[in-house]
Amino acid sequence: RAGQALPLKVTAAALRPLRVGLQAWRAGSAQVMFSQAAQGRISLHSLVDRQGAQADAETLVAALLAHHADQAMHVPPLQRDAVGGEALRRLGFQRLPMHQWWMRRGV
C-alpha cells in the first residue's frame, strides 16, 4: 500500500548486496534482520512490524537484546516509527541526530 512504503535502506533490494552475514528472526507480525560485527556490535538493518501496537517487534528485539546482552546495538537512521521505531523507543533506544548533506545547485 502506498502509505506504508518502507525506506529503501530497510528493503530487500538494499539489504541483498550488503557484505555482512545477515541473520533474520521473526515473531508474529514482526521481522528483524541484523548482523554481528567482530568488535562486539549488533547492527539492526531492518525491523518491520506493520501492526499498530508493534508488540511483536518489541518482543523480537527484547529477545535479541537478551541473547546479545553484552553487545552494543546500532539501528540505521531511517527506521520509521510506524513500522518498528515505537517498539525500539519503548525498549530504551534513543534517537540520534541524522547527519546528511542537503544540496542544491543553482543555474
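These entries record what I looked up on helix α2 and the strand sheet of a predicted model.

Basis. I number residues from 1 along each chain as its sequence is written. In this predicted model, local features need pLDDT of at least 70 and side-chain atom pairs count only at pLDDT 80 or more, while totals for chains, interfaces and linings use all residues; side-chain values use heavy atoms, with hydrogens and water left out.

Entry on α2. I took helices (H or I, at least four residues) and strands (E, at least two) as DSSP runs, numbered from the N terminus. Helix α2 covers residues 55-67, 13 residues in total, and reaches 18 Å from its first C-alpha to its last. That is close to the 18 Å expected at 1.5 Å a residue, taken as 1.5 Å times one less than the number of residues.

I then listed the buried residues of α2 (under 20% relative accessible area, 1.4 Å probe, protein chains only): A57, L60, V61 and L64. They lie on the same side of α2 because they cover an arc of only 90 degrees around the axis, judged by the directions from the helix axis to the C-beta atoms. Their cover, by contact (heavy atoms within 4.5 Å), includes β1 (23-27), β2 (30-37), β3 (41-49), β4 (72-74) and α3 (85-90).

Entry on the sheet. I found 4 strands in an open sheet of mixed pairing, ordered β1-β2-β3-β4; strands pair if DSSP finds at least two bridges between them. The edge strands, β1 and β4, each pair on one side only.

Entry on β1 and β2. These strands run antiparallel and are joined by 5 bridges. I noted that R26 has Q31 of β2 as its bridge partner, and that A24 stands opposite M33 in β2. The hairpin has 2 residues between the strands, and G28 takes a positive phi near 55 degrees.

Terms used. Buried means under 20% relative accessible area, exposed over 50%, partly exposed in between (1.4 Å probe, protein chains only).
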